[in-house]
Structures are given as structure tokens and as C-alpha cells.
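Dear colleague,

I am handing over the structure below, and I would be glad if you could look through it before reading my notes. The notes follow directly after it.

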Amino acid sequence: MELRQLRYFIEVAEREHFTQAAEHLHVAQSAISLQISKLEDELGVALFDRIGRNIKLTPIGKTFLIHSKAAIKAIDYAKEKVDEYLDPEFGTVKIGYPTSLANHLLPTVISAFKTKHPKISYHLRQGSYASLIESVKSGELDLAFLGPVPESTADIEAHVLFSENISVLVPANHPASDKKSLSLSDLKHDDFVLYPNGYVLRQIAVDACKEAGFEPNVSAEGEDMDAIKGLVSAGIGVSLLPNGTFYDRTSSLTVQIPIDTPEVQRTVGIITPKNRSLAPTEKIFFQFVKEFFDWEF
């Protein structure tokens with residue numbers, strides 16, 4: 001069994017057409033047909049039902065496709081890691097991040113990293129808190145920024161980079177909009193705009209309100225930072241958001257107010273896998289991030 005045969009098989013299976021697969025792979029159709037026939041002979045099963053010019057995967061062909069794609073993905077990944085080992089400055093890093101760090105932290109870090117390591121590529125993927133953790137565990141992502149930083153587990157290593165305060169965001173016409181700071185209990189009669197249940201920033205806000213002696217009345221929910229800020233600017237309610245999300249804020253419709261009591265903070269950091277070692281290029285990025293925030297703070 002050859003890698004070439006598996007690649008040909010996957011292409012034909014996904015297109016259900018020999019001619020289209022041949023055109024995409026830039027090889028003769030007869031070459032693809034020959035290699036798939038050899039593959040079927042070696043396996044001792046028919047991978048395709050051939051009905052005239054049409055082809056369909058057989059039931060065992062569908063199973064073989066799933067595992068063939070996984071095998072090719074693993075081999076391509078292994079080859080990529082070998083290339084990175086030979087020259088880490090030409091590798092790729094797959095980085096995850098949540099929406100709350102997309103406004104300032106991520107662009108700042110990536111811009112600084114690109115200046116120092118211009119030949120390293122990166123693939124960025126935004127995701128929810130839980131999905132980012134799972135993606136690092138599974139290897140879909142090499143590492144991920146998170147806030148707050150979760151506890152280290154058997155699968156992931158958590159690294160705190162810094163802590164940041166969380167402030168109140170109120171509409172510009174709110175009675176407290178001219179205050180330099182406030183106690184969270186001052187907002188116990190206000191409506192709140194928060195992330196939906198299951199989002200970590202919602203839990204931080206609810207816990208802070210409970211510490212201040214009240215249960216927040218959530219009148220609206222938003223699944224991203226822009227939606228929440230937009231709802232606050234429309235006067236729907238107030239919100240609690242990390243200070244890092246207020247960089248370059250130009251809206252005159254809302255006001256950020258620091259919280260005196262209770263102190264509301266979150267940690268911000270990066271998670272890496274425990275079940276595998278970071279590849280050379282990943283190590284370069286990880287070390288850069290740690291040194292970057294040591295210098296920043």
C-alpha cells in the first residue's frame with residue numbers, strides 16, 4: 001500500500017468522479033484507475049460500486065475513507081514537524097484565542113512576533129473557552145490564549161502571563177456615567193447585558209455580583225464582545241468586561257468605570273499540551289510570548 005494510492009483514493013471518493021479527480025491531481029485518469037485497482041486487489045475488497053460512469057463508495061469503502069484521511073493527516077503532520085525540526089524559522093504555529101483577547105492582545109503579540117520571526121507562519125482560530133481547551137488537548141491547536149487561565153490538568157499545562165481588572169460598561173446617559181469608580185452594589189437595580197450561560201465571562205460577572213450582595217438581572221445576552229457593547233450603547237443594560245477589551249475604544253455612547261469593591265479580576269495566559277512536546281517552531285513562539293509579557297509587565 002502506497003501513500004500515492006491513498007491520496008488518489010481520497011480524491012476520487014470525495015469527488016465521486018475519476019476524471020475530476022485526475023484533473024485536480026494533474027495526472028492521467030488511467031494512472032488513478034490503475035492505482036485504485038491495485039489498492040482494492042491488495043485489500044481484497046471493492047472500495048467503489050461502479051455503475052456506468054458513476055461511482056459510489058461501498059460500505060467498507062466509506063469506513064476505509066475515514067481511516068485513510070486520518071492516516072494521511074497524521075503523516076502530513078509528521079512531515080511538517082520534521083521540516084520544522086530541520087529549520088524552525090520556517091514552521092507553522094496553530095494558535096487559538098477567545099473573542100475577549102482578539103481586540104488588543106492577540107494583534108499586539110502576533111505583530112511583535114512577526115517582526116522578530118518573519119518567516120514563521122501561523123494559523124489563528126477563534127473559539128469558545130471550552131472548545132479551545134479541547135482543541136489543544138486533541139492537537140488541533142498547538143497552544144491557545146485564554147482568560148481566565150484554567151487549572152493545569154493531566155492533559156494541559158496552564159501558564160499565567162498577567163492579571164487584568166474587570167470594569168463596568170454603562171450607557172453614556174447612565175446616572176453613574178460621570179463617576180471615577182463605583183461599588184458593584186451600586187448597580188444592583190440595573191439590568192445586565194452578559195454572555196450566555198456556559199461562557200466563562202458570564203460566570204465571572206455573576207460571581208462578582210453575588211459577592212456584592214445581589215443576583216444580576218440579565219435582560220439581554222450577546223455571544224461576542226461587539227454585540228454586548230452594542231447592546232450597552234443602546235441602553236439595554238450595563239455589563240462587566242475585561243479592561244483589555246477597551247483598547248482603542250472610540251464610542252461616545254458608552255463609558256468604562258473601574259470597580260472599587262469587590263475587586264474583580266481575571267488571569268490571562270496560554271495553555272500548552274502535556275501529552276506531547278512542543279515542536280521547535282511552537283517552542284519559539286511560546287518562549288517569545290513568555291518573554292514578551294515579562295517585558296511588558
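In residues 1-58 the end C-alpha atoms lie 19 Å apart, and the span is 62% helix and 14% strand. UniProt lists these residues, in an unreviewed entry, as "domain: HTH lysR-type". Please keep in mind throughout that this is a predicted model.

Two residues towards the beginning of the chain deserve a look for their backbone angles. Glu-16, which sits in the loop between helix 1 (3-15) and helix 2 (18-25), has a phi near 55 degrees, a positive value in a residue other than glycine. His-26, placed in the loop between helix 2 and helix 3 (29-43), likewise has a positive phi, of about 60 degrees, although it is not a glycine. Most residues other than glycine have a negative phi, and most peptide bonds are trans. As for their surroundings, Glu-16 is partly exposed, with a relative accessible area of 35%, whereas His-26 has a relative accessibility of 72% and therefore counts as exposed, the cut-off being over 50%.

On the wider scale, the protein chain is divided into domain 1 (3-86), domain 2, which is made of the two segments 88-161 and 267-296, and domain 3 (164-264). The centres of domain 1 and domain 3, taken over C-alpha atoms, are separated by 53 Å.

Where does the second largest pocket lie? Domain 2 and domain 3 both give residues to its lining, so the pocket lies between them. Its volume is about 260 Å³. Of the 16 residues that line the second largest pocket, those closest to its centre are Pro-98, Gly-127, Ser-128, Tyr-129 and Tyr-199. The elements that give two or more residues to this lining are helix 6 (129-138) and helix 7 (200-211). By residue type, the lining of the second largest pocket divides into seven nonpolar, seven polar and two charged residues.

Strand 6 (residues 156-171) is worth following along its length, and the strand is mostly covered, since twelve of its 16 residues are buried. Which strands pair with strand 6, and in what sense? With strand 11 (residues 265-273) the pairing is antiparallel and runs over nine bridges, and one of the bridge partners to look for there is Gly-269, which is matched with Val-160. Strand 9 (residues 239-242) also runs antiparallel to strand 6 and is joined to it by four bridges, with Leu-240 as the bridge partner of Val-168. Strand 10 (residues 254-257) is again antiparallel to strand 6, with four bridges between them, and here Thr-254 is the bridge partner of Pro-171.

Finally, two peptide bonds ahead of prolines are cis in the model. One joins Gly-147 and Pro-148, with omega at about 0 degrees, and Pro-148 has its place in the loop between strand 5 (143-146) and strand 6. The other joins Thr-261 and Pro-262, with omega at about -10 degrees, and Pro-262 is found in the loop between strand 10 and strand 11.

With best wishes

Conventions
Residues numbered from 1 in each chain as written. Predicted model: local features only at pLDDT ≥ 70, side-chain atom pairs only at ≥ 80, totals over all residues. Heavy atoms only, no water. Domains from an automatic or database assignment. 1 Å grid on protein atoms, 1.4 Å probe; cavity = no way out; pocket = protein on both sides within 12 Å on 5 of 7 lines; lining within 4 Å. Points joined across faces, edges and corners; volume = space filled by probe spheres on them. Nonpolar A, V, L, I, M, F, W, Y, C, P; charged D, E, K, R; others polar. UniProt positions renumbered as here; feature names shortened; annotations may be inferred. Buried < 20%, exposed > 50% of the residue type's maximum accessible area, 1.4 Å probe, protein only. Pairing = 2+ DSSP bridges.
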